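Colleague: I am new to reading protein models, and I would like to go through this one with you step by step. Could we begin with the overall layout and then turn to single residues?

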Amino acid sequence: MSKKDNGGLTVIFAYLNEKNRPYSAQDVFNNLQKQHGLGKTAVVKAMEQLALEGKIKEKTYGKQKIYFADQAQFAEVSEADLKAIDSRTSDLSTQVQAISQGCRQLDAELKELNSSLTTEEIISEIQELKEGCSGYRERLEKIKSATNHVTPEQKEMVYKERHLYVKEWKKRKRLASDMMGSILEGYPKTKKQFLEEVGVETDEDCKVTMPNT
């Protein structure tokens with residue numbers, strides 16, 4: 001038997017004695033493979049050999065074999081000792097639950113703290129807000145102190161005048177377009193040539209776009 005196989009026997013034998021509970025070969029493989037790199041076949045052979053040598057016990061349930069430590073090697077435990085162990089186990093379980101709950105609370109507090117700003121970050125943000133407010137105040141003061149304010153009435157009048165001029169612009173452009181259309185019906189040249197001859201500049205020539213309103 002190789003040194004690696006002997007190592008596997010030692011690891012499995014120690015594991016079964018330490019846990020002192022029944023396991024299948026698959027259970028042992030799952031529990032030890034990652035840490036010790038044992039293969040499934042090696043685990044099965046090792047457990048069968050340990051059973052043959054009488055170092056561990058083997059029980060067959062249907063098609064499955066269960067292995068466990070030889071109980072003869074352990075000292076007998078009295079009923080009183082078992083009750084004490086059960087009581088101690090219950091106490092420890094209660095402690096574990098209390099500690100787990102405390103850990104969950106601490107974890108929640110830690111997440112809340114991690115999502116909060118530090119004192120330095122808060123101070124920096126306050127300073128940025130103050131600077132921003134200062135800039136807004138300066139702009140507001142400039143606006144208030146300006147002498148070229150436009151009243152709502154003046155603004156409304158400008159909009160009305162603009163609307164009137166645009167309306168007139170569209171009207172005259174339509175009239176001019178209709179007039180040119182009539183002329184071009186009997187004109188022997190192109191529209192572009194006609195415009196050049198009469199010296200008419202269009203909105204496109206002046207790069208002007210007519211507003212919608």
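Colleague: In what pattern do helices and strands follow one another along the protein chain?
Modeller: Please keep in mind that this is a predicted model. The protein chain holds seven helices and two strands. Read along the sequence, these elements follow the pattern α-α-α-β-β-α-α-α-α.

Colleague: What radius of gyration does the protein chain have, and how does that stand against a compact globule of 213 residues?
Modeller: The C-alpha trace of the protein chain spans about 125 × 60 × 35 Å along its principal axes. For a compact globule of 213 residues one would expect a radius of gyration near 17 Å, whereas the protein chain has 48 Å.

Colleague: What percentage of the 213 residues in the protein chain is buried?
Modeller: The protein chain exposes about 17,700 Å², and carbon and sulfur atoms supply 54% of that area. To count as buried, a residue must have under 20% relative accessible area. Among the 213 residues of the protein chain, the buried share is 14%.

Colleague: How far apart are the mean positions of the positive and negative charges of the protein chain?
Modeller: The protein chain carries 34 positive and 34 negative charges. When the mean position of each group is taken, the distance between the two is 5 Å.

Colleague: Which feature does UniProt place at residues 10–69, and how far apart are the end C-alpha atoms there?
Modeller: The unreviewed UniProt entry gives the feature "domain: Homologous-pairing protein 2 winged helix" for residues 10–69. In the model, this span is 58% helix and 20% strand, and its end C-alpha atoms are separated by 13 Å.

Colleague: And which feature does UniProt place at residues 150–206?
Modeller: In the model, residues 150–206 are 74% helix and 0% strand, with end C-alpha atoms lying 30 Å apart. The name that the unreviewed UniProt entry gives to residues 150–206 is "domain: Leucine zipper with capping helix".

Colleague: Is S24 buried or exposed?
Modeller: S24 sits in the loop between helix 1 and helix 2. Leaving aside neighbours within four places in sequence, S24 is in contact with M47, Q64, K65 and I66. Because the relative accessible area of S24 is 5%, this residue counts as buried.

Colleague: N20 has a positive phi, so what is its value, and where does N20 lie?
Modeller: N20 is placed in the loop between helix 1 (3–19) and helix 2 (25–36). With a relative accessibility of 35%, N20 counts as partly exposed. Its phi is positive although N20 is a residue other than glycine, and the value is near 50 degrees.

Colleague: How far apart in space are V158 and K55?
Modeller: V158 belongs to helix 6, which covers residues 152–185, and at 49% relative accessibility V158 counts as partly exposed. In sequence, V158 and K55 are 103 residues apart, while in space, from C-alpha to C-alpha, the distance is 106 Å.

Colleague: Lastly, how far apart in space are E196 and H163?
Modeller: E196 is found in helix 7, residues 191–198. Since its relative accessible area is 57%, E196 is exposed. E196 and H163 are separated by 33 residues in sequence, and their C-alpha atoms are separated in space by 31 Å.

Terms used: Residues numbered from 1 in each chain as written. Predicted model: local features only at pLDDT ≥ 70, side-chain atom pairs only at ≥ 80, totals over all residues. Heavy atoms only, no water. Helix = DSSP H or I, 4+ residues; strand = E, 2+ residues; numbered from the N terminus. Rg over C-alpha atoms; globule rule 2.2 N^0.38 Å. Buried < 20%, exposed > 50% of the residue type's maximum accessible area, 1.4 Å probe, protein only. Areas by Shrake-Rupley, 256 points an atom, 1.4 Å probe, with all protein chains shown as cover. Lys, Arg positive; Asp, Glu negative; His and termini not counted. Charge placed at Lys NZ, Arg CZ, Asp CG, Glu CD. UniProt positions renumbered as here; feature names shortened; annotations may be inferred. Contact = heavy atoms within 4.5 Å.
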